[in-house]
Amino acid sequence: MKVNQDTVLVGDKVVLVPYRQEHVPKYHEWMLDEELRALTASEPLTLEEEYEMQEKWQFDENKLTFIILSRNPEEGSLELPKPPEKVLPTDDRLTKLQMVGDVNIFLHGAIPQTRNRTSEPATSPSSAPSTSRPIDENEDEDEFHAEVEIMIAEPAFRRKGLAIEALQLMLGYATGQPQAFSTDTASVHASAFGSSPLNIPPESLLTRISDTNLPSMKLFEKLGFEVTKRVEVFQEVEMRFRRRLTT
C-alpha cells in the first residue's frame, strides 16, 4: 500500500517498517517452512516470484503490510529518535535490527466515510463494558471489514511481548485510535502516531484464527476482540473488535 511506504512506527520492543525489496530474501526463507506456510495459508514461491509479490503488495491499495523488526538485537538495544521525530525506512540504523515477522491488514470493500473519530478516547480495558453480540453464523459478509493478520516467524522472538506491541502499533496507525487497543499491561503512546491515512472504524476489524491456536486467540482478546463466529469446516474462529469506545 502506498500510504505507508515512508512510514516507520517505533515502539519499545519493535519497529514496524514497510515491506521493501531488502526484506524479500528473509521473507522467502520463512516461507520455505511448511508450518509457516500452513499457518499463513501461503503457497510456495520462488525467490523471483517473492520479489514480484513484494512489488505487487507495495501498490495494492487493499493490503497494508509492515515488517516487524526487534529493537533488542543480541548486541543490545538500539537507540532511535522518539516521536514526533521521524524515522525513514532508509535509515541505516534499522539494518541493525533483526527482522522477526510481519503484520497485515486486508481491506474488503470501501472504508466507510465517517466523521473523524480520533478525538474519541477508549475507556480503559478494566472498565470498558463489552459490546459483544451473540455469535451470528449469518453475519453479512458484504459489509466493509478489515482483516488483521500477524506472524512472528522467528521462534526465539515468540512470547516476548513483540506481537501485542506490533498489533497495537499497526491498529493504532490504521484506525487513528491507538488508545482503543491499550491493555492493563501494554500500551503505545499516542505520540508514536501522526494522523491516520485510513481511519478504519475499529468495529470493522476482524481476524480469523485456527480454533486450536489458543495463544493467538488470547492475544486478540487482550486487544478487545471477541469470538463472533465459528467456522467448523475450516476449523477456525472469527474474532471482531468489540470493546466499547466513549463518545
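In which loop does Leu97 lie? In this predicted model, Leu97 is placed in the loop between β3 (63-70) and β4, and with a relative accessibility of 6%, which is under the 20% limit, the residue counts as buried. The C-alpha atom of Leu97 is separated by 9.5 Å from that of Ile68, a residue 29 positions away along the chain.

The protein chain as a whole contains five helices and eight strands, and these elements follow one another along the sequence in the pattern β-β-α-α-α-β-β-β-α-β-α-β-β. Of the 247 residues in the protein chain, 49% are buried. The area exposed by the protein chain is about 13,000 Å², and 49% of that area is supplied by carbon and sulfur atoms. When contacts between residues at least 6 apart in sequence are considered, 74% of them join residues that are at least 24 apart.

The packing of two helices was examined in detail. Helix α4, which spans residues 162-175, packs with helix α5, which spans residues 214-222, at an angle of about 45°, and the two axes are 11 Å apart. The two helices are therefore oblique to each other, and α4 passes α5 in a right-handed crossing. On the side of α4 the contact is made by Ala163, Ile164 and Leu167, while α5 contributes Leu219, Phe220 and Lys222. Sorted by class, the residues of this contact between α4 and α5 comprise five nonpolar residues and one charged residue, with no polar ones.

Helix α4 also holds Gly172, which counts as buried because its relative accessibility is 2%. Apart from neighbours within four places in sequence, the contacts of Gly172 are with Leu167, Gln177, Pro178, Phe181 and Phe193; Leu167 is also one of the α4 residues that make the contact with α5. Between Gly172 and Ala192, which are 20 residues apart in sequence, the C-alpha to C-alpha distance is 9.1 Å.

Towards the start of the chain, Thr7 is located in the segment before β1 (9-10), and this residue is buried, its relative accessible area being 16%. When neighbours within four places in sequence are left aside, Thr7 is in contact with Leu16, Val17, Pro18, Phe66, Pro89 and Tyr173. Lys13, in turn, is situated in the loop between β1 and β2 (14-18), where a relative accessible area of 34% makes the residue partly exposed. The contacts of Lys13, again without neighbours up to four places away, are with Leu69, Ser70, Arg71, Asn72, Lys160, Gly161, Leu162 and Glu165. For one of these partners, Lys160, the separation along the chain is 147 residues, whereas the C-alpha atoms of Lys13 and Lys160 are separated by 9.0 Å.

Glu143 is found in the loop between β4 (99-108) and β5 (145-152), and the residue is partly exposed, with 30% relative accessible area. Beyond the residues up to four places away in sequence, Glu143 touches His108 and Arg240. The C-alpha atoms of Glu143 and Pro112 are 9.7 Å apart in space, and the two residues are 31 positions apart in sequence.

Positive backbone phi values in residues other than glycine were noted at two loop positions. For Ala41 the phi angle is near 55°, and this residue is found in the loop between α2 (34-40) and α3 (47-59). Because its relative accessibility is 72%, Ala41 counts as exposed. For Gln235 the phi angle is near 50°, likewise a positive value in a residue other than glycine, and the residue is placed in the loop between β7 (225-231) and β8 (236-241). Gln235 is also exposed, with a relative accessible area of 54%.

How values were computed:
Residues are numbered from 1 along each chain as its sequence is written. This is a predicted model: local features need pLDDT of at least 70, side-chain atom pairs count only at pLDDT 80 or more; totals for chains, interfaces and linings use all residues. Side-chain values use heavy atoms; hydrogens and water are left out. Helices (H or I, at least four residues) and strands (E, at least two) are DSSP runs, numbered from the N terminus. Buried means under 20% relative accessible area, exposed over 50%, partly exposed in between (1.4 Å probe, protein chains only). Contact means heavy atoms within 4.5 Å. Accessible areas come from the Shrake-Rupley method with a 1.4 Å probe; for residues, only the protein chains shown count as cover. Axes are lines fitted to C-alpha atoms, for helices over the stretch in contact, and angles run from 0 to 180 degrees between N-to-C directions. Angles under 35 degrees count as roughly parallel, over 145 as roughly antiparallel, 65 to 115 as roughly perpendicular and the rest as oblique. A crossing is left-handed if the near helix is turned anticlockwise from the far one by less than a right angle, and right-handed if clockwise. Ala, Val, Leu, Ile, Met, Phe, Trp, Tyr, Cys and Pro count as nonpolar, Asp, Glu, Lys and Arg as charged, and the others, Gly among them, as polar.
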